[in-house]
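Please walk through this structure with me, starting from its overall build and then turning to its last helix and its first residue.

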Amino acid sequence: MTTILLIEDHIGILENTAELLELEGYKVIKAKNGREGLKELASFIPDLIICDILMPEMDGLTLLATLGKHPNHKRIPFIFFSAKAEKTDVQKGLDLGADDYLIKPLELEDLLTSIKKCLLRKKLS
C-alpha cells in the first residue's frame, strides 16, 4: 500500500484530506507541522509527501530544504499544497525541489493526478 505523509497545520484540512486519500486506498500518516513531519520520517520513509507551506514551528520550505540534505529523504516525491498562489511562491517551491505545487482550494482529482504523476516518475527513475 502506498504511504503518504500529509503535513498540514489546519486540522480541518488535514483530517478531510487524509480521509479522502484513505478512501482512494492510500495509507496516510498525518503531521501538524514540518517539525512533526521530520519526527515521523525518523521512523519510516513514505512513498510521497504532501505539505503545506505556512505552518508554525517549521514551514514547508524549511522542511523541504532540510530533506534535501538527507540522502534517504531527498528522493521522496514532494508536493506543496498551499494557499500561497503567487507565481513567485510557486517558482520558489519548485526551485527548492518540489515535484509539484498545488494551490488551495483544489479539486480532489487534481490532487490525485499529481500524486499519480509523482509516484510514476519515482518508479521510472
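## From the whole fold to its ends

In this predicted model, 42% of the 125 residues of the protein count as buried. With 125 residues, a compact globule would have a radius of gyration near 14 Å, and the 13 Å found for the protein agrees with that expectation. Taken along the principal axes, the C-alpha atoms fill a box of roughly 30 × 30 × 25 Å, while the surface that the protein exposes comes to about 7,000 Å², with carbon and sulfur atoms supplying 52% of that area.

The secondary structure consists of 5 helices and 5 strands, and these follow the pattern β-α-β-α-β-α-β-α-β-α when the protein is read along its sequence. Among the contacts in the protein with a separation of 6 or more, 60% are accounted for by residues that lie 24 or more positions apart.

Helix α5, which comprises residues 108-124, can now be considered in detail. Its 17 residues reach 24 Å from the first C-alpha to the last, close to the 24 Å expected at 1.5 Å a residue. The residues of α5 that are buried, which here requires a relative accessible area under 20%, are Leu-111, Leu-112, Ser-114, Ile-115 and Cys-118. Because these residues cover an arc of only 160° around the axis, they are placed on the same side of α5. As for their surroundings, the buried residues of α5 pack against the strands β1 (3-7), β3 (48-51), β4 (78-82) and β5 (100-103), and also against the helix α1 (11-23). On the face of α5 that is turned away from its buried side, by contrast, one finds the exposed residues Glu-109, Lys-116, Lys-117, Lys-123 and Leu-124.

At the other end of the sequence, Met-1 lies in the segment before β1. Is Met-1 buried or exposed? Its relative accessible area is 76%, and Met-1 therefore counts as exposed, since the threshold for that class is over 50%. Met-1 nevertheless has partners beyond its neighbours within four places in sequence, for it is in contact with Gly-25, Tyr-26, Lys-27 and Asp-47. In the case of Asp-47, which stands 46 residues from Met-1 along the chain, the C-alpha atoms of the two residues are separated by 9.4 Å.

Terms used:
Residues numbered from 1 in each chain as written. Predicted model: local features only at pLDDT ≥ 70, side-chain atom pairs only at ≥ 80, totals over all residues. Heavy atoms only, no water. Helix = DSSP H or I, 4+ residues; strand = E, 2+ residues; numbered from the N terminus. Expected span 1.5 Å × (residues − 1). Buried < 20%, exposed > 50% of the residue type's maximum accessible area, 1.4 Å probe, protein only. Arc of directions from axis to C-beta. Contact = heavy atoms within 4.5 Å. Rg over C-alpha atoms; globule rule 2.2 N^0.38 Å. Areas by Shrake-Rupley, 256 points an atom, 1.4 Å probe, with all protein chains shown as cover.
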